[in-house]
Each structure stands twice: as structure tokens, then as C-alpha cells.
Amino acid sequence: MIKRSNFIIVLFVLLAMEMTAQTTDLARVEYMNLPYSKSDNSLQRYRALVQVPIPLDKDRKRIVVLGFEYRYVDVNLKDTEDVFALDKNLVTSAQQIDAYLGYVWKHNENWRFGTKAGVKIQSDFEGKLLSDDFIYEVGVFAINDMTDDVPEGGKPYRFIAGLQYTTVPGRWYPLPIINYFREFHPNWTYTIGVPKSNLRHYLNDGHKDAIQAFATLDNIYANIQQNFVPLIDQGEDGKVAESIQLTVGLVGLGYEHFFTEHLLFYGYAAHSVYNDFRLEDGDGKKVYKINTVNSPYFRAGIKFKY
């Protein structure tokens, strides 16, 4: 019998490699809001994603996945110091366009291996596309899936490990992908991994509603097409601003509601425990700190899962 779980595992891994999600999405639309504490600055992000799995054999042991994603970020810099420092170079928006190709093959009943390659355009789009607007990525991973073939007395689990390398300036090393999922009670699961760990509780036996506590990372990166030197020198190592970036570590609570088996709404409310919103140069050196105060964070959307 053809197992639906083959598709699920493939999609799960490819999104885990995107560093913002660990789900089996076929399509998603999402909104994020980050209003900075003790500041008039804020960020809003709009996101849309589509993934298309293509089996290469009737048993679905070899699957190719085409993925496309678009992100638009509203950068609202209102603090007087930041407006003065960036002056006529004030960044007001950033966009990201992704296209990637994944391939996963089944080694045996419990092990799968895969690879992924893609290209991203991440820029403030103030002019024509430049070479610095393009980011390339490649990743490899292994999956040990024991969610269907559970030993007697055991609990379902899934373990994923891999490496991902991108050409983001200043990140000259591969990043680890680690994800361990386990069901330890009929209505309880946990995930330990990078970039997200969570503890989920289903509120009913039909699994139509769930709450979760989580810790995760989020990030934004965009090339600045018109490089500039901020008018305020904060004493950082870098001098010329070539990119705008956000790295944020979060802890929070989430809620999910399934309208159908595959269609659901989700909402997360969190607070940062680490926040670094900044300008960097082409070597990954910080040029100007925009916001570093920990702040509230909200994200919600609708997704269609396999």
C-alpha cells in the first residue's frame, strides 16, 4: 500500500530547512507583527508559500518537491535617532523570493535521505537586481522515521539531522538541522530541535484544537542596494551598511484549530529573549544597531497541510 507518510516526511524536512517552520505545508499565508518595546519602530511581514511534491515512482520511494515562497517586510523606522542616522537611505521595505528543489529517497522502511538546493532574492529593491541580491543554498539530511512502524511498548518518534549552507555574507559555515519529534501520550507530543522546539497538547481526542508552548528563532535578511555610511557612528566594527538583518529568539504560546483534516488556522504570541535588529557590512560586521530591546511578537496564518 502506498503510504501517505512519505509525502509528509519530505515536506516536513524541506520546511525545517527553511529555519522558520517545521510543518508539512502544501500552502500557507501568514502575517507577523513585531512592535518594538520602548520604541516607535516596528516590523510587519507578509508571507505566502507553495510546495508541490512529485513522486518519481508508484511506491513514492523517490520524491521531488518544487517550492516557492514570497515574503514582504514593512520596515517602519520612526525613532528620531534612526531616521537621522539613515537619512535619505532610510529602509522602508524588504522582499524575499525563494525557489528551491528537493529530492528525497527511501533507503529502507525507517530511513530516508535527501538533499535540497535553491536560490533566494533578498533585497530592498531600490533599483535593478544586483548580484548581492541573490543568496544560494544547499542542504543534506537524514531521516529516521518511526511514526508508523512503532515497536511494541514504544512511542512514535521521528529524528532528522542535516546541514545547510547558504551564501549569506558573514555566515561562512553550514548550519545544523536537528529535529526530534515524539508522541508520549495520545494527546501530547514534543519536538526538540533547531530552529524550533515545542510541547503540544491536543484539547480533544479528534485533534481539532491544540495549544503549545514553544521556543524558536526567526530572522530577516535583505541586501541594501544603495550602500551607505550611517550619519551616527555607534563605534561598531563595520562602517558601510550593505544589508539589514533581524535575528530574534522567542518563547511563547500558540493555538491551532483544524477546520478540516488538512486546513487549519494558527496563531502565536511570544516575547523575544534575544533581539538583534541591525545593519551589517559585506563581511558580516555590525555597522549600526537599530533595536536590541526584547519585545512582543505575534504571528498568525492559515495553512493547508498534506
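Student: Does D209 count as buried or exposed?

Tutor: The relative accessibility of D209 is 14%. This is a predicted model, in which local features need pLDDT of at least 70 and side-chain atom pairs count only at pLDDT 80 or more, while totals for chains, interfaces and linings use all residues. Residues are numbered from 1 along each chain as its sequence is written, and side-chain values use heavy atoms, with hydrogens and water left out. Buried means under 20% relative accessible area, exposed over 50% and partly exposed in between (1.4 Å probe, protein chains only), so D209 counts as buried.

Student: With which side chain does that of D209 make a polar contact of 2.7 Å?

Tutor: D209 is found in strand β11; strands (E, at least two residues) and helices (H or I, at least four) are DSSP runs numbered from the N terminus. A polar contact is a pair of N or O atoms within 3.5 Å; within protein, one must be able to donate a hydrogen and the other to accept it, and residues adjacent in sequence count only if both atoms are side-chain atoms. One such contact joins the side chains of D209 and N204 at 3.2 Å. The 2.7 Å contact of the D209 side chain is with the side chain of H257.

Student: How far apart in space are D209 and L199, C-alpha to C-alpha?

Tutor: Contact means heavy atoms within 4.5 Å, and the residues that D209 contacts, leaving aside neighbours within four places in sequence, include H201, Y202 and Y255. L199 is 10 residues from D209 in sequence. The C-alpha to C-alpha separation of D209 and L199 is 14 Å.

Student: H207 has a positive phi in a residue other than glycine; in which loop is H207 found?

Tutor: Phi of H207 is near 60°. Its relative accessible area is 28%, so H207 is partly exposed. H207 is found in the loop between β10 and β11 (209-228).

Student: What is the relative accessible area of D87?

Tutor: D87 also has a positive phi in a residue other than glycine, near 50°. D87 lies in the loop between α2 (80-86) and β4 (93-106). D87 is partly exposed, with a relative accessible area of 44%.

Student: Which residues does the cis peptide bond with omega of about 20° join?

Tutor: One partner is a proline in the loop between β9 (188-194) and β10 (196-202), namely P195. The cis peptide bond joins P195 and V194.

Student: Why does the aromatic pair of Y36 and F277 count as stacked?

Tutor: The structure holds 11 aromatic pairs, where rings of Phe, Tyr and Trp (its six-membered ring) pair if their centres lie within 6.5 Å, and planes under 30 degrees apart count as stacked, over 60 as edge-to-face and the rest as tilted. The ring centres of Y36 and F277 are 5.8 Å apart. The pair links distant parts of the chain, 241 residues apart, with Y36 in the loop between β1 (25-35) and β2 (42-55) and F277 in strand β13 (residues 263-280). The pair is stacked because the planes of the two rings are at 5°.

Student: Over which ring does the charged end of K303 sit?

Tutor: A charge sits over a ring if NZ of Lys or CZ of Arg is within 6 Å of the ring centre and within 35 degrees of the ring normal. The charged end of K116 sits over the ring of Y100, 4.3 Å from its centre. The charged end of K303 is 4.6 Å from the centre of the ring that it sits over, that of Y266.

Student: Over how many bridges do β4 and β5 pair?

Tutor: Two strands pair if DSSP finds at least two bridges between them. Strand β3 (residues 62-76) pairs with β4 in the antiparallel sense over 13 bridges. A hairpin of four linking residues joins β4 to β5. The pairing of β4 with strand β5 (residues 111-123) is antiparallel, and its number of bridges is 12.

Student: How many residues has the largest nonpolar core?

Tutor: In soluble globular proteins, nonpolar side chains tend to be buried together. A nonpolar core is a set of buried Ala, Val, Leu, Ile, Met, Phe, Trp, Tyr and Cys residues joined through side-chain atoms within 4.5 Å. Those with the most contacts inside the largest core include I244 and F277, and I244 touches F277 itself. The number of residues in this core is 30.
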